[in-house]
Amino acid sequence: MTSKHTPQSTAAVKQNNKVAVYRALLRNGGHTVTNLARELSLSFPTVNQIIRELIGCGVAAAGEKQQSSGGRKAAEVHAIPEARIALGADLTADGVTVVAVDLAGQPLAVRQHALTYSSGDGYTRSLGEMI
């Protein structure tokens, strides 16, 4: 039986790896690069590069240095879920619900507004002010 697996582009593989690393940081708290590489079956250089990018973007930070086992002390890396916020809006015929979530998907704020739908500029303006 042959597989219908479509190979991913290099950019897609890199993006998937970055998402996997960040999700592991969100899920398990602090990690060393070595532990992340082992857990995700990725190479140390790949994980190290991703961690540098995440820290550079401000969505992760290096934490405390761990005890040395004879070599260089490894630093734990932590996700910073509140570094970015996503907004979502649910529009119905008679109202709007707006939610703000952090990178871990945790709701930060939920606002409900009564607003009857219309095709005019007033509706669009009111919607923009709510968001």
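# Exercises on a predicted model

Residues 24 or more positions apart account for 32% of the contacts in the chain with a separation of 6 or more. The exercises below concern this chain, and the model is a predicted one.

## Exercise 1: The elements of the chain

Determine how many helices and strands the chain has, and in what order the elements run.

Solution.
Step 1. The count gives 4 helices and 5 strands.
Step 2. Read from the N terminus, the order of the elements is α-α-α-β-β-β-β-β-α.

## Exercise 2: Burial and surface

State what share of the chain is buried, and which atoms supply 52% of the exposed area.

Solution.
Step 1. The chain has 131 residues, and buried residues make up 21% of them. The cut-off for a buried residue is a relative accessible area under 20%.
Step 2. The area exposed by the chain is about 9,000 Å². Carbon and sulfur atoms supply 52% of this area.

## Exercise 3: The second largest pocket

Describe the second largest pocket by its volume, its lining residues and the classes of those residues.

Solution.
Step 1. The space in the second largest pocket is about 160 Å³.
Step 2. The elements that give two or more residues to its lining are α1 (10-28) and α3 (44-57). Helix α1 contributes the most, with 6 residues.
Step 3. The lining consists of Q15, K18, V19, Y22, R23, L26, L54, C57, V59 and L103.
Step 4. Sorted by class, the lining holds 7 nonpolar residues, 1 polar residue and 2 charged residues.

## Exercise 4: An aromatic pair

Find how many aromatic pairs the whole structure contains, and explain why the rings of Y117 and Y123 are described as they are.

Solution.
Step 1. A search of the whole structure yields 1 aromatic pair.
Step 2. The ring centres of Y117 and Y123 are 4.9 Å apart, and their planes stand at 75 degrees. Rings pair if their centres lie within 6.5 Å, and planes over 60 degrees apart count as edge-to-face. The pair of Y117 and Y123 is therefore edge-to-face.
Step 3. The two partners may also be classified by accessibility. Y117 has a relative accessible area of 51% and is exposed, whereas Y123, with 8%, is buried.

## Exercise 5: A residue in a loop

Locate D94 in the chain, decide whether D94 is buried or exposed, and list the residues that D94 touches beyond four places in sequence.

Solution.
Step 1. D94 belongs to the loop between β3 (85-92) and β4 (95-102).
Step 2. The relative accessible area of D94 is 56%, so D94 is exposed.
Step 3. Leaving out residues up to four places away in sequence, D94 touches H113, A114, L115 and T116.
Step 4. D94 and Y117 stand 23 residues apart in sequence, while their C-alpha atoms are 6.2 Å apart in space.

## Exercise 6: Two further residues

For S41 and N35, give the position in the chain and the accessibility class.

Solution.
Step 1. S41 is located in the loop between α2 (33-40) and α3. The phi angle of S41 is near 55 degrees, which is a positive value in a residue other than glycine.
Step 2. The relative accessibility of S41 is 67%, so S41 counts as exposed.
Step 3. N35 is placed in helix α2. With a relative accessibility of 32%, N35 counts as partly exposed.
Step 4. N35 and E76 are separated by 41 residues in sequence and by 9.5 Å in space, C-alpha to C-alpha.

How values were computed:
Residues numbered from 1 in each chain as written. Predicted model: local features only at pLDDT ≥ 70, side-chain atom pairs only at ≥ 80, totals over all residues. Heavy atoms only, no water. 1 Å grid on protein atoms, 1.4 Å probe; cavity = no way out; pocket = protein on both sides within 12 Å on 5 of 7 lines; lining within 4 Å. Points joined across faces, edges and corners; volume = space filled by probe spheres on them. Nonpolar A, V, L, I, M, F, W, Y, C, P; charged D, E, K, R; others polar. Phe/Tyr/Trp six-rings, centres within 6.5 Å; stacked < 30°, edge-to-face > 60°. Buried < 20%, exposed > 50% of the residue type's maximum accessible area, 1.4 Å probe, protein only. Contact = heavy atoms within 4.5 Å. Areas by Shrake-Rupley, 256 points an atom, 1.4 Å probe, with all protein chains shown as cover.
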